[in-house]
Structure formats: structure tokens, C-alpha cells
Amino acid sequence: MSGWLSPEEWDAVALSLRVAFWATLVSLPPGILVAHALARWRFPGRQLLNGLVHLPLILPPVATGYLLLATFGRRAPVGQFLEQTLGIVFAFRWTGAALAAGIMAFPLMVRAIRLAIEAVDPRLEQAAATLGAARPLVFLTVTLPLILPGVIVGAILAFAKAMGEFGATITFVSNIPGQTQTLPSAIYAFLQVPGGEASALRLVLVSVAVAMGALLLSELVATRVARWIAGR
Amino acid sequence: MSGWLSPEEWDAVALSLRVAFWATLVSLPPGILVAHALARWRFPGRQLLNGLVHLPLILPPVATGYLLLATFGRRAPVGQFLEQTLGIVFAFRWTGAALAAGIMAFPLMVRAIRLAIEAVDPRLEQAAATLGAARPLVFLTVTLPLILPGVIVGAILAFAKAMGEFGATITFVSNIPGQTQTLPSAIYAFLQVPGGEASALRLVLVSVAVAMGALLLSELVATRVARWIAGR
Amino acid sequence: MTLSVRLAHDFPGFALDVAFDAPPGVTVLFGRSGSGKTTVANAVAGLLRPRAGRVAVNGAVLLDTEAGRFLPPHRRRVGYVFQQDRLFPHLSVARNLKYGRLFARGTPEDFGHVVALLGIGDLLRRRTADLSGGERQRVAIGRALLSAPQLLLMDEPLAALDDPRKAEILPYLERLRDETRVPLIYVSHSVPEVARLATTVVMLDAGRVQRAGPAAEILSDIGAIPTLGVADAGAVLTGRVARQHDDGLTEIAVSGGVLYLPMVDAPPGAQIRIRIEARDVILSRARPEGLSALNILPATVAAVREGEGPGVMVQLRAGQDLLLARITRRSARALGIGEGVDCFGIVKTVAVTRQNVGLIGD
Amino acid sequence: MTLSVRLAHDFPGFALDVAFDAPPGVTVLFGRSGSGKTTVANAVAGLLRPRAGRVAVNGAVLLDTEAGRFLPPHRRRVGYVFQQDRLFPHLSVARNLKYGRLFARGTPEDFGHVVALLGIGDLLRRRTADLSGGERQRVAIGRALLSAPQLLLMDEPLAALDDPRKAEILPYLERLRDETRVPLIYVSHSVPEVARLATTVVMLDAGRVQRAGPAAEILSDIGAIPTLGVADAGAVLTGRVARQHDDGLTEIAVSGGVLYLPMVDAPPGAQIRIRIEARDVILSRARPEGLSALNILPATVAAVREGEGPGVMVQLRAGQDLLLARITRRSARALGIGEGVDCFGIVKTVAVTRQNVGLIGD
Amino acid sequence: GTVTVFAAASTREALDRAAEAWEAETGHEVVLSYAGSSALARQIQQGAPAQLFLSANADWMDVLQDEGLIDPDTRSDLLGNRLVLIAAPGAVLPDPLAPGALARALDDERLAMALVDAVPAGIYGKAALAHLGLWDALAPKVAQADNVRAALALVARGEAPFGVVYATDAAAEPAVTVAARFPPDSHPPIRYPLAAMRDAGPEARALLRWLNGPQAAAIFRDHGFTVPDRAP
Ligand SMILES: Nc1ncnc2c1ncn2[C@@H]1O[C@H](COP(=O)(O)OP(=O)(O)OP(=O)(O)O)[C@@H](O)[C@H]1O
Ligand SMILES: Nc1ncnc2c1ncn2[C@@H]1O[C@H](COP(=O)(O)OP(=O)(O)OP(=O)(O)O)[C@@H](O)[C@H]1O
Ligand code: MOO
Ligand SMILES: [Mg+2]
Ligand SMILES: [Mg+2]
């Protein structure tokens with residue numbers, strides 16, 4: 001297998017996994033928070049937040065990448081601020097690829113989790129409250145376990161999307177081998193080369209294999225968790 | 001407003017709406033079917049189907065576009081077959097753009113619906129069966145109404161995605177003004193030229209406005225439907 | 001036999017293995033919490049596929065694992081009132097009620113009649129989520145009744161209802177039992193309900209049939225008392241309406257004499273059954289005078305059974321019927337009660353409430 | 001007053017407007033299906049925010065809409081047994097039971113004791129979805145008891161349980177009532193349960209309080225009978241254990257004489273209350289002899305009330321206590337029963353089952 | 001040391017070869033990041049770590065120069081290219097650039113090009129066709145791809161019988177044949193400007209000089225590029 005992929009391609013595989021993993025992991029807490037806010041809270045600007053979350057889905061990825069660049073670039077206000085205060089640089093780093101992937105995947109994650117939250121019977125949360133659990137504790141001990149299948153589905157979607165994200169990533173952090181060249185960028189690069197289809201196909205297969213593996217695994221976990229929760 | 005957008009841009013707006021609408025509408029029945037199969041049936045090849053559905057999410061859109069081209073193109077086996085038997089042509093038509101958008105949006109739709117199906121209490125379906133309803137009727141009279149919020153969410157996601165889809169669409173059906181030039185292609189084109197940002201931004205705003213309108217509307221419908229179903 | 005059930009199934013920690021046959025009428029499943037009543041009902045409805053078994057209703061085989069037959073639930077035409085109601089949350093009360101009619105193959109009960117009976121006329125346009133517990137249960141009963149079932153399954157249908165409401169619904173279930181050929185499997189913890197409705201009683205204990213047979217036999221059976229609960233023990237007599245009196249009493253001829261009961265709404269000649277609770281029967285060696293109790297039946301002691309407490313259960317033969325009387329050991333000794341002794345059974349007229357009287361159709 | 005409730009709320013088609021105060025002990029909400037019992041419980045628990053009202057428990061104000069006070073549910077410390085159990089599906093039975101302990105501020109009941117009492121020891125590791133109806137309800141009761149509540153709300157907690165199980169749980173609730181200062185609001189349709197547990201009875205009808213007051217008063221009140229149901233009418237007497245007899249009988253001194261009851265598990269001197277159902281009392285003008293009934297109380301007719309049926313409700317004064325007797329009109333005429341007439345009330349010893357006897361703590 | 005080069009995707013094969021040669025010669029490492037010229041230029045605006053930029057589009061280089069990001073002294077037109085009309089396998093058309101010939105041959109089929117207003121290959125192509133007086137007849141029949149390689153792929157797959165691409169693309173794709181070469185004066189000269197960033201280190205500048213040298217020129221010519229005469 002190592003002969004089948006070049007070291008550079010291995011780098012791309014490893015990088016894609018790393019990017020997808022972190023993009024998913026880091027966006028989970030805000031994803032759950034935002035989903036909960038959209039599902040259960042009533043506040044001014046709720047619809048605005050809802051729209052904002054969906055934005056990456058509606059815009060062409062290239063436009064999203066461009067907006068990211070204009071926001072988190074090293075010359076851009078937020079990017080400069082983050083670099084100077086926290087020392088975090090997104091531009092042209094794998095972290096930026098993760099940011100782009102995370103943002104592109106965010107609407108999918110939020111939607112899945114929100115759907116799960118809306119399906120939770122509020123009477124169970126009420127029961128927990130009568131047993132003395134304050135709101136955040138009700139969330140942690142009742143709501144969260146009950147929405148776990150939805151959270152897992154959200155994470156799967158986000159991971160898959162992060163594995164496939166290309167347009168925003170290449171626009172935002174470019175396509176630097178070993179640093180920001182993810183599998184999709186590599187595939188794209190091959191598709192740009194006449195006769196590169198064979199190489200592209202090879203990477204597509206790798207990409208599919210990796211993503212399917214992750215998918216199957218999480219599917220398995222999700223099924224288990226769902227069965228465990230429903231007790232059926 | 002009509003002065004603000006060129007006639008060609010108006011065409012793109014109209015086309016995007018048409019493409020997103022049809023992509024969503026046509027993929028709903030198979031989306032529900034597949035979601036139901038994945039959620040409730042046990043059959044060999046279930047995981048394969050599951051993987052297949054997720055493929056467009058995992059692959060870079062351009063790769064999906066190539067696969068579509070290799071499958072539904074005029075010289076491709078399925079494309080030729082469809083053209084000769086049913087007279088359906090996808091290549092370089094808006095129908096192809098709808099196909100691409102639909103396929104790219106399919107995993108999102110299926111996932112949302114599947115999540116909703118998994119949240120339906122099977123004991124209600126059992127109750128319907130004891131009242132004499134055969135499986136398909138149970139589905140139509142109990143399951144489907146109960147998953148309607150999920151179906152709507154799936155449709156919203158699909159519509160939004162279809163509005164934003166670019167990579168697979170342009171690869172598959174190119175960019176033919178008035179026929180396959182959707183908003184994202186137009187935005188992409190503007191972003192390619194120096195100083196095109198202003199024009200791109202204008203289209204981004206239109207795109208956002210249109211999609212947000214659709215989003216808000218469906219959000220409203222979904223909330224109503226959900227409240228109506230939960231009766232809370 | 002109208003109903004023939006043979007089931008074996010295993011859950012972790014619980015094994016069901018029951019077999020019983022029942023004639024037309026109401027078959028009551030009786031037993032403690034966790035004894036397997038709902039499991040049996042589910043298997044009969046086709047919601048549980050048992051490891052092994054056979055279920056036949058009115059000659060139709062619903063399940064026969066040996067023959068590989070498993071009729072799916074929707075083709076069994078059972079009207080099932082679940083222990084926890086399963087109303088459709090997306091449908092109004094009226095739509096819930098009418099749901100079964102969509103698929104009914106027989107002639108369903110009259111809608112207006114069922115609605116009036118259950119007192120849910122005001123709820124028809126409501127969503128089910130806001131209904132009170134008893135309202136939900138009534139809607140669930142109505143939904144099952146209106147589906148033109150071939151077999152009714154009711155899992156503690158009246159548990160959430162108040163007594164006046166129960167008193168309204170019970171006669172309807174009796175009528176259903178007597179006038180239609182729809183067999184009814186009824187799960188209940190309430191002995192008066194059982195006594196009133198049951199044609200057949202099946203007592204379950206830890207997944208097994210402990211006792212099964214005609215209601216009158218099982219309920220008057222001194223050996224069944226521990227399961228029924230001493231407090232609820234009582235015998236079931238059959239009698240015939242002899243005359244309606246002006247003061248609201250009905251004169252009933254039983255094999256051992258005459259009983260006066262609060263108005264029984266049946267024409268002279270009608271057959272009825274009367275449950276007389278053991279605790280309501282007083283014994284006397286001499287015919288008592290000047291009591292407010294109107295019913296005095298001459299009887300012979302058939303059996304005496306001492307329990308752990310201070311009580312003694314006395315089985316009396318009055319004519320063809322068996323009566324049960326529960327008295328204190330002290331009284332038994334004082335009165336010299338023993339097998340073969342002649343005495344009088346005194347029953348207060350009002351102790352036999354409408355709850356305890358049921359009509360028997362032909 | 002331990003409990004003070006004043007609530008007004010409107011649902012489409014249903015208006016709640018209740019006010020009642022109650023001393024320590026058990027306050028029973030009694031009323032027909034849909035009369036508003038659960039709505040009151042929800043408002044007390046903080047799950048419903050009423051249009052207007054005030055709820056105070058042991059001096060703590062949980063709600064006061066005028067003062068703009070609304071204590072959120074989790075700070076009210078109510079142990080709520082819901083009418084439809086709301087077990088957590090993702091937790092085992094044991095985890096469900098222990099859930100409240102995580103947040104309990106007081107000392108919860110002993111876990112092992114509650115588990116044993118409810119007979120759910122074998123279920124601890126089970127998922128809740130597979131439990132039988134009665135098992136679920138028992139777990140729900142246990143969960144509420146173990147949360148160290150300041151107030152218990154129980155909405156028909158025993159409706160799904162069989163009589164033997166009820167008989168095991170009721171004494172525990174009595175103990176809770178008598179030994180702890182935890183007030184208990186109890187919704188029930190069962191008059192025996194009410195008679196046994198209630199300190200205060202609040203009768204609801206269509207969202208309004210129809211009658212409220214001490215249990216003995218309400219239950220012996222001839223005017224309350226239509227709501228309670230004639231069949232279940234009965235008076236509550238208080239007495240003191242005088243002596244335990246060898247043959248399993250307990251001698252109880254009541255103000256009007258002596259009653260012999262099946263073993264009451266209490267030391268001499270203990271105060272108890274005894275519910276005597278109206279249908280279990282026989283009247284006689286002369287002191288009867290040679291009957292199996294041991295309890296004969298001399299009494300004077302205090303009131304007579306004719307119903308629609310053939311029955312007559314007779315209220316008797318026996319010493320300080322009131323008794324109710326339900327007899328036929330025919331007997332009443334034959335015996336010449338009228339206000340002020342002296343007679344004897346005959347009560348079968350065994351008719352007063354353990355269900356009908358409750359201890360009163362001090 | 002490492003030199004990071006941002007380069008237009010269409011220069012990939014040639015530049016890869018050239019970089020390898022230079023690495024072998026000097027022992028330095030070259031990291032190549034390929035993407036659309038516009039995306040790369042924007043990234044450079046945002047501080048991308050590029051040291052050299054090879055653009056397919058002089059306009060974008062002008063933008064960077066105006067912003068003072070590149071060292072104007074290092075700017076040169078490194079490469080030139082020719083525009084060709086390609087034909088799909090089996091498509092034959094003698095003298096295709098004769099008036100009306102191509103339009104007629106296309107019938108209801110498509111002429112594949114890159115985006116004619118946004119992507120350089122498309123812009124040049126449109127100019128050439130207009131110069132030859134063919135544009136008005138052909139415009140409605142053009143399928144615009146998002147980049148020139150996608151247009152090439154459409155022809156290679158036979159989806160479009162003809163296309164307009166660079167000579168370098170045609171040379172790299174064996175499946176297509178060159179049906180005609182556009183006269184060099186039919187469109188503005190096709191130039192690929194190369195420049196070093198202002199802060200480029202000595203190694204980068206060495207590479208820049210080498211790329212402007214004869215060894216590199218040979219490699220570029222090998223791939224079909226023209227190498228403009230340079231003032232010594
Ligand atoms: N799916 C299951 N898995 C494991 N055990 C089960 C399952 N279903 C039921 N049981 C167990 O089988 C026993 C019988 O259950 P069932 O519901 O038939 O009792 P029941 O007689 O209806 O009791 P109740 O009166 O409390 O409703 C119970 O102990 C229950 O916990
Ligand atoms: N959210 C609501 N919207 C409309 N009506 C409601 C709502 N909640 C309760 N009701 C109605 O208010 C009335 C009182 O309901 P509640 O649940 O308090 O009755 P209950 O006394 O507990 O009856 P049950 O004994 O049947 O449980 C019922 O008629 C019920 O339908
Ligand atoms: O740089 Mo490109 O590849 O023709 O736009
Ligand atoms: Mg059950
Ligand atoms: Mg209620």
C-alpha cells in the first residue's frame with residue numbers, strides 16, 4: 001500500500017484525517033450549543049443566527065473560502081487580532097483547513113443535533129427538574145444522552161463533509177503539499193492534469209475507503225447508542 | 001432592483017431557484033424511501049447503500065461532477081440509455097444541474113429524514129397495525145406525518161445545498177448562461193477577475209436573501225408542523 | 001372453544017409458558033404485576049413473536065409457530081386498548097377514534113353511541129396531548145371499539161377512570177360480550193370488575209397459568225382466594241329476574257331461595273349473575289328477625305378453610321349455588337360452624353351493588 | 001397550615017379556579033376524570049405557570065404571581081409521581097432511582113428499604129423500556145421517594161398495581177405521612193385509599209373545589225356521597241387499640257362502644273382510624289343475637305337521606321362518631337327508621353379489612 | 001531551505017519537472033501550490049507564505065504589483081502559450097475556422113471553453129473567436145467550464161465535440177486532436193508572469209533566476225509552452 005501511494009499522497013491522507021477529526025471535534029460543542037439555542041430558546045436574533053449557520057451551505061464554497069480569507073487572513077482584522085493576542089494563525093496552516101472544513105460542515109451538524117433535540121420529550125426534562133436538577137444539569141444528564149444518536153449523526157455528517165471539503169479550503173488556505181493539501185485538493189490537482197484521472201481515481205478510492213471506514217464505525221456506535229437509549 | 005441586477009443575473013437567480021426547487025422535490029420521494037430503508041429495514045447491502053448515499057459528501061464536488069459526467073453524460077452508458085429510451089438528457093441542461101444539486105444534497109436529506117424516522121415511537125406504528133393498517137398505510141398515516149418536521153428539515157437542507165452547489169454542477173453541465181448558469185457559477189466567475197468582488201458580493205447578497213427567505217419560510221412551516229404533531 | 005392460546009417465550013429473567021382455552025365471552029387475565037399479562041396480550045395481537053405457540057380465535061389461526069404461520073398484526077383485526085395508551089399525537093381525538101374505520105372490514109360500532117358512552121363528545125376536536133389521563137384512556141377505548149375488531153384486547157382499560165365512569169362503561173362491555181360474538185381478553189386487577197365481566201378467568205403467576213376456568217368456578221373456589229386476595233373473595237351466583245318491585249328492588253330467584261337486589265335493569269325472566277362478596281355474608285344458626293338485611297338464604301356448610309389471620313372462609317351450598325362467607329374464627333367457634341352444619345346466610349341488599357350484578361345474554 | 005394553594009388558570013374549554021389550605025399530612029385530590037387534579041399538581045410542581053395564584057408549602061412560597069415569584073421546578077424539591085410515568089429511557093432502573101439523589105439537599109430515604117418495599121430489587125439492572133406497567137409505576141414511586149423531597153405529589157400512583165402490592169405500599173405511605181413532615185398531595189379515584197391515607201380531602205369538580213376539609217368530616221358527610229359514589233360511601237371513626245386477643249382480633253375502643261377488628265398491628269393505646277363502609281352496616285331495632293357479626297354499636301339516627309334508587313343513606317351517631325349505613329327503603333320502612341330513632345349498627349368484623357384501617361401518628 | 005511557489009494550475013506538469021531539476025541541482029526543496037490564479041493572488045494579498053508566484057493572468061499580477069507585494073524588478077513573462085481548437089475523438093472538420101463552419105458542425109452540440117469572462121483561457125478564446133468573426137454565431141453554443149482543464153475533459157470524453165484550450169493542454173491529452181491553431185494575432189498575447197515577493201529570500205530569487213534560464217526553458221518548451229524572448 002505504501003508503494004501504491006506516494007509519500008506526498010500519504011501526507012494528504014494523514015492531513016485530511018487530521019483536519020476532519022479536529023474540525024468535527026472542535027465544532028461539536030458550539031454545534032450542540034447553537035442547536036440547543038435554535039431548538040429551545042427564544043431570543044431576538046434567533047432567525048439571524050439560524051440564517052448565519054446555514055450560510056456556508058447556501059454560498060458557493062469558493063465564496064465562503066473568500067469570506068474566510070477576508071476575515072481570518074493574516075492581513076484581515078480578525079486574523080490579525082487572533083495572531084497578536086492568542087498567537088493563533090489560521091491562514092495557510094492545517095488549522096485553517098480545519099476551520100474551513102468545520103465551518104462548511106457546521107450547518108449539517110447543527111441541523112442533525114437540532115432535529116434530535118426537538119424530538120426529546122420535554123416531559124422527561126420536566127421530570128428531571130422536579131427531581132432537583134437545574135437546567136444545565138438536566139441538559140447534561142437527560143437531554144444530552146437522549147440526543148446522543150443525533151450528535152453522532154451530526155458528527156458523522158461533519159466528518160464526511162470535512163473529508164470532502166475542497167472549494168472553501170483551497171480558496172482559504174491554498175493547496176500546499178504537506179501543510180494544507182488535503183485529499184480533495186490532491187484529487188482536484190490530479191483532475192487538473194490531463195490523464196490525471198487514474199491518479200485521481202486512486203485517491204478517490206482512498207478517500208472513500210477512509211471515509212467509509214469512519215462512517216461504518218460511527219454508524220455502529222450510533223446504532224448501539226440509539227438502541228441503548230431507546231432500550232428496545 | 002431590476003436595475004441592480006443585469007438580465008443575465010436575473011436569469012441566474014431564476015435558474016438557481018428552479019434547479020433547487022426541482023432537485024429538492026424530485027429527491028424527496030427517494031430520499032424518504034432510502035431513509036426508511038436505512039432506518040428500519042435489514043437487508044444485505046444496507047451498509048453499502050449507506051456508504052453510497054454519503055459518497056457525494058465525502059468526495060470533492062469536482063470528483064462527483066466527473067463521476068456524473070462519466071455516468072450521465074451523453075456518451076456515457078446510463079446517459080445514452082436514458083436519452084434513447086426516455087428522451088431524458090442531462091448533459092448541458094438545467095435538468096443536469098438539478099441532478100447534480102440533487103445528488104450533492106441527497107446525503108443531507110436522507111440523514112435528516114432518517115434521524116426523524118428513528119425517533120418515531122414504533123409502538124405507535126404497532127397501534128396502527130392493530131387497528132388494521134397494513135405496513136404501507138401505517139407509513140402513510142402515522143410514520144409520515146410524524147416525521148414531517150424531519151422531512152421539511154431535510155428539504156430545507158437540500159434546497160440550501162442545491163442553491164449553493166457549484167463544483168459538481170459546473171463540472172457536469174458547465175456554465176451556459178440562461179441554461180445552466182446558476183448563481184454560484186456567476187459568483188465564481190466574478191471572483192475570478194480582479195475587482196470582481198463587488199459584483200460577486202451583490203450576487204452573494206441575492207443568493208443569501210433568496211435562500212434565507214426560503215429558509216425562514218420552511219422554518220416557519222416546520223415549527224408549525226412540529227407543534228401540530230407534538231400537540232404541545 | 002372460541003379462543004385457544006398456547007404460548008412460550010423467554011425474556012432474560014422471565015419465562016412465559018401458558019396455555020388456555022376459552023369459550024365465547026370475556027376471558028380475564030388476572031395476576032400480579034409482572035406475571036405476564038401484557039406479554040400474552042402482545043403475543044395474541046401479533047406484536048410479539050413468541051418462541052413457540054399457537055393462537056386461534058373463532059377458528060381462525062392467528063399464529064402457529066409449528067406450521068410456520070404468523071398473521072401480521074394488521075390482519076388479525078384485534079382492537080387493542082394498551083396499558084399505556086398509544087394515541088396518535090398528530091391526530092385529533094375524532095381522527096384517532098375514526099382511524100380504525102379506515103381499514104375496518106366489519107361493521108364498526110356506531111360512532112355517536114361510543115362517543116356518548118365514553119363521555120368524550122366535548123373532546124372530539126382536541127389534540128390528544130392535552131387530554132387528562134382518564135380522557136386519554138377513554139379515547140383509547142373508543143378507538144379500539146370503533147375498529148370493528150374480531151377480537152378485543154383490553155389491558156387494564158379502566159384503571160385510570162373514576163368509579164362513576166367505570167359504572168357507565170362496564171354495562172357496555174357486558175353488552176358487547178353478550179350481544180356480539182367478539183371475544184374479549186381483559187386484563188384487570190379489580191376483582192369486582194373480573195367478577196362482573198369474566199366468562200373465563202385465567203390466573204397467571206410468574207408466566208404460568210396457575211388456575212383457569214369458568215369465572216363462577218374460579219371465583220367461588222376456596223383455593224383461589226390467596227391469589228385473588230382475601231378482601232376481594234366472593235362467589236358468583238346465577239339467578240333469574242322474578243319480579244320488579246315498586247320500591248326499586250328486584251326480586252331474583254336463585255336456586256337456594258329469593259334475593260332482593262337494588263334495581264336490576266332487566267325484564268322478568270332475564271338471567272343474571274350476582275357476585276356476593278364473602279365479607280358481606282353474615283351467618284346465623286337461627287333465622288334472624290328484625291334486621292335491615294332482606295336476603296336470608298338457608299344453606300349448608302360445604303367447606304371451612306382457616307387462613308393465617310383471625311378469619312375463616314366458609315363455603316356454603318345454597319341450592320345449586322356456592323356462597324362464600326368470611327367470618328372470624330371466634331364467631332365460627334361461637335356458632336359451631338363446621339362441615340355439614342345448616343345455617344342461614346344473610347346478605348345485605350345494598351351490599352350487592354350494581355357493580356356486582358351482570359346480565360347474561362343467551 | 002402546611003400547604004396553601006390558590007390557583008387560577010384557563011385552558012381553552014377548561015377553567016381552573018381552586019383554593020384550599022391543608023394541615024400536615026396527606027391532602028387527597030379527588031374528582032372525576034378531567035376535573036383538574038393533574039393540572040393542580042402540575043402547577044404546584046412548577047411545571048405549569050398559572051395565570052394567577054399562590055402556593056406555599058411549610059411556609060416556603062413556591063409561587064406568588066402577585067409578588068412576581070415563580071420558583072423554578074428544580075428548586076421546589078417536589079417528588080412527583082406522574083400519572084403517566086416518565087422514567088428516563090437511557091438509564092437503568094437503579095440509575096433512575098438514584099437520579100434524584102444527585103441533587104438532593106436533604107437526607108433521602110434508605111435506598112435498600114425503598115427497593116425492598118416496592119419489590120423492584122430484581123429489576124435494578126434492567127432498562128426501563130421492557131418493564132411491565134406495574135413495574136414502571138413502582139420505579140417511578142421509588143424515584144420520587146428517593147429524591148429527598150420537601151413535598152410529594154402522587155398522581156394516581158397505585159392505579160396500575162394489584163391489590164396485594166397496594167396493600168404493601170399503603171402502610172409505607174402512612175408511615176411517611178406520620179413520621180416525616182413531608183406533605184403529600186395525592187390524586188386518587190379509590191375511596192378506600194382516600195379514606196385510609198387522607199388527612200384532608202379536596203373534592204374537585206370541573207376545575208373548582210366542591211368540598212374540602214378533614215377526611216373524616218368529608219367522608220362521613222352525607223352531602224358528599226354523590227361525588228364519592230354511593231357504592232363507596234363510608235364513615236371514618238377514630239379509636240384506640242384496647243387489647244390484642246389471642247384469636248387474631250384486636251379490640252378497639254371507639255366513643256360509641258367496642259369494635260373487634262382483624263389484627264391491627266399496633267400496641268395498646270395506639271390511635272387508629274377505621275373506615276366503615278355504609279354498605280357494610282346492618283341496622284336492627286333490637287340487639288341481635290346469634291349472628292356471626294361481632295360488632296354491635298348502639299346508635300341514634302342523625303339523618304336519613306333518600307337517593308334515586310331503592311337505597312336510603314342513614315347517618316348514625318354512635319357516641320362521638322358518625323356512622324353511615326346504607327339500607328333499602330323497604331327495610332327503612334319496615335324498621336321504622338327516622339331521625340332520632342334508637343337502633344343498633346351491626347358491622348361484620350371482617351368487612352373492615354386491613355385496607356380500611358390506618359394508624360395515626362402523633 | 002525551502003522555497004514555496006504559488007503557481008497557476010495549468011502549469012503543473014511543466015513546473016513540477018522544472019522544480020525537480022532545480023532541487024536535484026541545488027539540494028534545496030521546492031513546495032509547489034497549485035490553484036486558480038485568482039485564488040492564489042487573493043491568498044498572497046492575505047499574506048500567504050508564497051515566495052514566487054507564477055500567474056496565468058497578467059491582471060492579477062498587476063494587482064499584486066500595485067499593492068506593492070511583489071518585487072517589480074523580478075517580474076518577467078516567463079511563459080507564453082498558444083490557443084488551439086481541439087476535437088473529440090471521431091470529430092473531423094476540415095478548415096474549422098472558416099466562417100460558419102464550426103457553428104454548423106456543432107449543430108445542437110457544444111463548444112467547450114473555460115469561463116469566457118473570468119478565466120484567462122476563456123477570455124483569450126472569446127477574443128480570438130471574436131477577432132475571427134465567429135463569436136456571435138458560437139456564443140449560444142459555448143459550454144463554459146470553471147477552468148480550462150475541465151473544458152479539455154469535456155472534449156476528451158466526447159461530451160463536447162470541440163473545445164478551445166491552450167496548446168499545452170492539447171499536447172497533454174492524447175484523446176483529443178488539434179483541429180486548428182488560432183493565429184497568434186487573433187488574441188492578446190498569452191503570458192504567464194512570474195515574480196518574487198518583496199520579502200523573498202535568496203534561494204527563492206535563485207530559483208526565479210534559474211526558471212528564467214535556458215535549462216528551464218527547455219523543459220517548458222517540452223511541455224508545449226512558448227518561451228518569450230527576453231532582454232538579456
Ligand atoms: N422485552 C422484554 N425484555 C425483558 N423482560 C421483559 C420484556 N418485556 C417484559 N418483560 C418482563 O416480563 C415480565 C412480564 O411482563 P408483563 O408486561 O407481561 O407483565 P404484566 O403482567 O402485564 O404486569 P403489569 O400488571 O405490571 O403490567 C415482567 O417482569 C417484565 O419485566
Ligand atoms: N394544555 C391543555 N390545553 C387544553 N386543555 C387542557 C390542557 N391540559 C389539561 N386540559 C384539560 O383540562 C381538564 C383538566 O385536566 P386534568 O389533567 O387536570 O384532569 P384530571 O383531573 O387529572 O383528570 P384524570 O383523572 O382523567 O387524569 C381536562 O378536561 C383537560 O382536557
Ligand atoms: O490559472 Mo488557470 O488554471 O487557467 O485559471
Ligand atoms: Mg401489563
Ligand atoms: Mg390526571
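A salt bridge here means a side-chain nitrogen of Lys or Arg within 4 Å of a carboxyl oxygen of Asp or Glu. By that yardstick, chain B and chain C have zero salt bridges between them. Keep in mind that this is a predicted model. So what does the B–C contact hold? Here's the rundown.

**How big it is**
- Chain B puts 23 residues into the contact, and chain C puts in 21 residues.
- Together the two chains bury about 1,900 Å², with carbon and sulfur atoms giving 65% of that area.
- If you want three residues to look at on chain B, go for Leu124(B), Thr130(B) and Leu131(B): they supply 34% of the area that chain B buries against chain C, more than any other three residues.

**Polar side of things**
- Salt bridges may be at zero between chain B and chain C, but five residue pairs are in polar contact there, both partners being at pLDDT 80 or more.

**What chain B brings**
- Three helices of chain B each give two or more residues to the side that touches chain C: H6 (122-130), H7 (135-164) and H10 (197-230).
- Sorted by type, the residues on that side of chain B come out as 15 nonpolar, five polar and three charged.

**Chain C and the other chains**
- Six pairs of chains are in contact, and chains C and D share the most contacts among them.
- Chain A doesn't touch chain C; their nearest C-alpha atoms are 11 Å apart.
- Chain E has no contact with chain C either, and the closest C-alpha atoms of those two lie 48 Å apart.

Note on methods: Residues are numbered from 1 along each chain as its sequence is written. Chains are lettered from A and ligands numbered from 1 in the order in which they are written. This is a predicted model: local features need pLDDT of at least 70, side-chain atom pairs count only at pLDDT 80 or more; totals for chains, interfaces and linings use all residues. Side-chain values use heavy atoms; hydrogens and water are left out. Contact means heavy atoms within 4.5 Å. Buried area is the accessible area (1.4 Å probe) that two parts lose on being put together, summed over both. A polar contact is a pair of N or O atoms within 3.5 Å; within protein, one must be able to donate a hydrogen and the other to accept it, and residues adjacent in sequence count only if both atoms are side-chain atoms. Helices (H or I, at least four residues) and strands (E, at least two) are DSSP runs, numbered from the N terminus. Ala, Val, Leu, Ile, Met, Phe, Trp, Tyr, Cys and Pro count as nonpolar, Asp, Glu, Lys and Arg as charged, and the others, Gly among them, as polar.
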